[in-house]
Amino acid sequence: MFAAHSSEFVYRTKGKGTYEITGRVSEVVRASNVQTGLVNVFVRHTSASLVLFENADPTARQDLERFFAQLVPEDAKYFSHTLEGPDDMPSHIRMALTRTSESIPVAFGQLQLGTWQGLFLYEHRDQGSDRSIVVTILGN
Amino acid sequence: MFAAHSSEFVYRTKGKGTYEITGRVSEVVRASNVQTGLVNVFVRHTSASLVLFENADPTARQDLERFFAQLVPEDAKYFSHTLEGPDDMPSHIRMALTRTSESIPVAFGQLQLGTWQGLFLYEHRDQGSDRSIVVTILGN
Amino acid sequence: MFAAHSSEFVYRTKGKGTYEITGRVSEVVRASNVQTGLVNVFVRHTSASLVLFENADPTARQDLERFFAQLVPEDAKYFSHTLEGPDDMPSHIRMALTRTSESIPVAFGQLQLGTWQGLFLYEHRDQGSDRSIVVTILGN
């Protein structure tokens, strides 16, 4: 029967960077027993985001981090939202430029990711923290 | 019973900037009586977009606007799509860098947004206009 | 009856640039006979992406391409993920800055796109290749 399965988990990050959560989401999909449908993964924060990214070679993620450090500098003179430190405003912008949620197709009971695709939680603050992630599976 | 609820509303913007529509979308979700599922909010335009963003401190959104003004300058020499003025092409790029639709989980009859998350319509043209927004709720 | 319809097609690109797939996705939606719901289009790659973009004037897409060529230069000194050539790492970043999947509402049996919106497969590698695209329709 077609249904919606909603659950939530917390991932503790250790500062700026990407953390793979593909396995964690796969488990939730398997437990739901959904064969065909869609899973939506949603981060409940404004200074962390999600990105589907190359998961074979770690240098790709290091380069992504360097790119964002240059694209959204911490010392931009025009920033006024700086109460929580120089990484505060850049964290919101980096979030806006990536994704708050990703939707991934499910078929034959499995995430239909490509060979090199992994789902990453992207932490944009210097200090890590507990990040709440909602997983919603729609299917049957 | 699991169902899809589709509706549309128009929001009149007043020029470049972010306009919170969280309340409007919440009302549509409440009216649908869906307890568990997903809501997709979709902007039917190529010079406006959506972004889930920090909604407590307005300076965060001002800084976002300044960042985009620098990232996508109106006077780029290589722009050829300029028929509607200098804000024409940048509006399309700013849209591509943010999101045409956002999907937000619904549980216990409510949007599962984090404490600081608000949904914003992001207008990229100098002159405001009527923006059509489609809300699709999937759930039961 | 509410159901999920999953299918996949392959699109052969011919190098960097945008390729409209609106028609192809519309056909899949029509064949599903779904009247109300949501369609998710998902690219199973990390060096190609999707973007909903202005589809009337081709110069808009040329300017988008020029913008990304400047934003993500191929010769960034800090790139270390360069095994497959200078377009390798930029392709992943360009993908991260656009979208791996787009969700589009379906109502009255049709994609609810705006007048100027087209769905484009965005190839980020110099050499074209076969790109797998999963289409998931949820609705009834």
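User: Which residue of chain A comes closest to the rotation axis?
Analyst: In this predicted model, that residue is A:Leu97, whose C-alpha is 3.4 Å from the axis. Local features here need pLDDT of at least 70 and side-chain atom pairs count only at pLDDT 80 or more, while totals for chains, interfaces and linings use all residues; residues are numbered from 1 along each chain as its sequence is written, with chains lettered from A and ligands numbered from 1 in the order in which they are written.

User: What rotation superposes chain A on chain C?
Analyst: A rotation of 120° with 0.0 Å of shift along its axis does so, at an RMSD of 0.0 Å, with the fit made by least squares on the C-alpha atoms of residues with pLDDT of at least 70 in both copies. The two copies are thus related as by a three-fold rotation axis.

User: Why do chains A and C meet through different surfaces?
Analyst: Only 13% of the interface residues of chain A are also interface residues in chain C, so the copies meet through different surfaces.

User: Switching to the largest nonpolar core, which residues touch the most other members?
Analyst: Among its 114 residues, they are A:Val39, B:Val39 and C:Val39; such a core is a set of buried Ala, Val, Leu, Ile, Met, Phe, Trp, Tyr and Cys residues joined through C-beta atoms within 7 Å, where buried means 20 or more other C-beta atoms within 10 Å of the residue's own, with C-beta atoms placed from the backbone.

Conventions: Contact = placed C-beta atoms within 7 Å. Buried ≥ 20, exposed ≤ 12 C-beta atoms within 10 Å, placed from the backbone.
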